[in-house]
Structure formats: structure tokens, C-alpha cells
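Take a look at the model below before reading on. This briefing walks through its charged pairs, its strands and its surface.

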Amino acid sequence: MGTVNTGIDPGTDKDFVSVAYIVRPHGLKGEVKVVQLSNDPERIYSLRDIFIIRKNGEKRKSVIKKVRPVKSGFAVSLEDITTVTDAQQIVGSYIAVPQDDVPVLGKDSWYHFEIIGMEVFTTEGMYLGMVEDIISTGSNDVYILRDKDREYLIPAIRDVIKDVDVKGRRMVIALMDGLI
């Protein structure tokens with residue numbers, strides 16, 4: 001049981017999934033340095049047709065020509081970005097793909113963007129709140145739930161997570177002693 005981080009940003013269009021963040025220009029030929037937001041270290045190498053999505057929601061199609069590793073990220077060459085000035089204009093933007101292009105995960109695995117925003121109920125039907133964020137701890141994720149002025153930290157483990165309905169945007173959990 002687990003979730004996979006894709007790095008979706010609340011400011012991006014919900015039909016798209018952010019897979020990298022553009023940090024700065026790299027070199028003199030329009031390359032950009034990006035930080036990958038996916039847990040899959042090979043994901044960035046498989047991308048070709050992508051969208052550049054700015055924080056204001058503006059998006060445009062682009063094509064990745066080349067990806068190479070650099071310190072703390074990747075240098076990405078895009079077909080339509082050929083100068084440092086072009087590269088500077090997209091700093092702070094996201095490289096995204098349509099949700100339909102995201103690989104399907106196995107049973108009992110979900111992407112962060114699928115979990116964030118879900119309403120969470122106990123097995124007894126009590127509403128606890130909405131998943132606002134996810135903490136990746138290494139051993140298991142922890143879902144941060146908020147309802148008005150209350151916050152709960154829920155471990156993403158089989159003993160707690162009983163049902164996840166991605167299409168219905170609903171999760172059911174079993175309360176363990178001391179959980180809330």
C-alpha cells in the first residue's frame with residue numbers, strides 16, 4: 001500500500017500532472033535545469049510531448065529534445081527554447097503531462113494527486129476531513145487531514161486505510177487507539 005509522488009501543484013490545471021519544476025536556465029543554449037517531482041528516477045527520460053505550465057495557469061505545448069543529469073537535477077533541452085532569455089521566461093514553471101498519460105499503478109497504490117483532496121471517513125461513517133497534504137517518511141506515507149480547525153496525521157498502512165475510491169474522491173479508515 002502506498003502513494004507515488006508526482007508533485008502536482010495546487011496551482012496547476014487538474015487535468016495535468018506536474019513531473020518536474022523548472023529551477024533556472026542552464027548553459028547558454030536555452031537548456032533549463034529541472035528538479036524531478038516524480039518518485040521514478042527514470043520518468044524524466046521517457047518524456048517527449050509535454051506542457052509547460054506557469055504558476056498563473058497559463059500552459060503551452062512543448063517537446064523535450066534531450067535530458068541529461070546534472071548536479072541536483074537534470075538539464076532539459078526543449079525544441080522551442082533556444083536562448084537564455086527564452087529559458088529565463090519559463091523559470092518557476094512546471095513540466096507537466098496530461099493525467100491520461102500517467103502510468104497506471106498496481107493494486108493498493110495511488111498517486112499523491114489522486115489522494116490529495118479526498119474526503120476521509122471512519123468505518124463508522126464519521127467525517128474526519130480532507131487530505132490536505134502527504135508526508136513521505138520512507139517506511140509509509142502519512143496523510144495530513146484537515147477539517148475546520150482540526151488536523152489529523154493518518155499513517156497510510158493496511159491496518160488503517162480500508163477503502164480508497166479515487167473516482168468518488170472518498171477514503172475510509174479504521175481508527176486505531178490513539179490515532180485521533
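**Salt bridges**

E132 is partly exposed, because its relative accessible area is 43%, between the 20% limit for buried and the 50% limit for exposed. The model shown is a predicted one. E132 meets R146 in a salt bridge. That pair makes a good starting point.

*The E132 and R146 pair*

- The side chains of R146 and E132 come together at 1.9 Å, N to O.
- R146 sits in strand β11 (residues 141-147) and E132 in strand β10, so the salt bridge ties together parts that are 14 residues apart in sequence.
- R146 has a relative accessible area of 33%, so R146 is partly exposed.
- Which residues form a network of salt bridges? E132, R146 and E151 are linked in this way.
- Side chains of opposite charge can pair when their charged atoms come close.

*The R60 and D80 pair*

- R60 forms a salt bridge with D80, and their closest N and O atoms are 3.2 Å apart.
- This pair links distant parts of the chain, 20 residues apart. R60 belongs to strand β5 (residues 59-70). D80 lies in the loop between β6 (73-78) and α1 (84-89).
- Is R60 buried, partly exposed or exposed? R60 is partly exposed, with a relative accessible area of 29%.
- D80 is partly exposed too, at 33% relative accessible area.

*The R54 and E58 pair*

- R54 and E58 form another salt bridge, with the closest N and O atoms 3.3 Å apart.
- R54 has a relative accessible area of 24%, so R54 counts as partly exposed.
- E58 is partly exposed at 42% relative accessibility.
- How many salt bridges are there by this rule? The count comes to six.

**Strands and barrel**

- The protein has two helices and 14 strands.
- Six strands close into a barrel. Their order is β2-β3-β6-β5-β4-β7, and the pairing is antiparallel.
- Neighbouring strands of this sheet are turned by 50° against each other on average, with direction ignored.
- Strands of a sheet pair through backbone hydrogen bonds, either parallel or antiparallel.
- Take one pair from the barrel order: β2 (residues 16-26) and β3 (residues 31-36). These two strands pair in the antiparallel sense over six bridges.
- What is the bridge partner of P25 in β3? The partner is V32.

**Surface patch**

- M126, L175 and I180 make a nonpolar surface patch of about 250 Å².
- Where is M126 found? M126 is in the loop between β9 (119-122) and β10 (127-136).
- M126 has a relative accessibility of 41%, so M126 counts as partly exposed.

**The whole protein**

- The C-alpha atoms fill a box of roughly 60 × 30 × 25 Å, taken along the principal axes.
- The protein has 180 residues, and buried residues make up 45% of them.
- The accessible surface comes to about 9800 Å². Carbon and sulfur atoms account for 49% of this surface.
- Look at contacts with a separation of 6 or more. Residues 24 or more positions apart account for 54% of them.

Conventions. Residues are numbered from 1 along each chain as its sequence is written. This is a predicted model: local features need pLDDT of at least 70, side-chain atom pairs count only at pLDDT 80 or more; totals for chains, interfaces and linings use all residues. Side-chain values use heavy atoms; hydrogens and water are left out. Patches are made of residues with over 30% relative accessible area and no salt bridge: like charges are joined within 9 Å, nonpolar side chains (Val, Leu, Ile, Met, Phe, Trp, Tyr) within 5 Å. Accessible areas come from the Shrake-Rupley method with a 1.4 Å probe; for residues, only the protein chains shown count as cover. A salt bridge is a side-chain nitrogen of Lys or Arg within 4 Å of a carboxyl oxygen of Asp or Glu. Helices (H or I, at least four residues) and strands (E, at least two) are DSSP runs, numbered from the N terminus. Buried means under 20% relative accessible area, exposed over 50%, partly exposed in between (1.4 Å probe, protein chains only). Two strands pair if DSSP finds at least two bridges between them. Axes are lines fitted to C-alpha atoms, for helices over the stretch in contact, and angles run from 0 to 180 degrees between N-to-C directions. Contact means heavy atoms within 4.5 Å.
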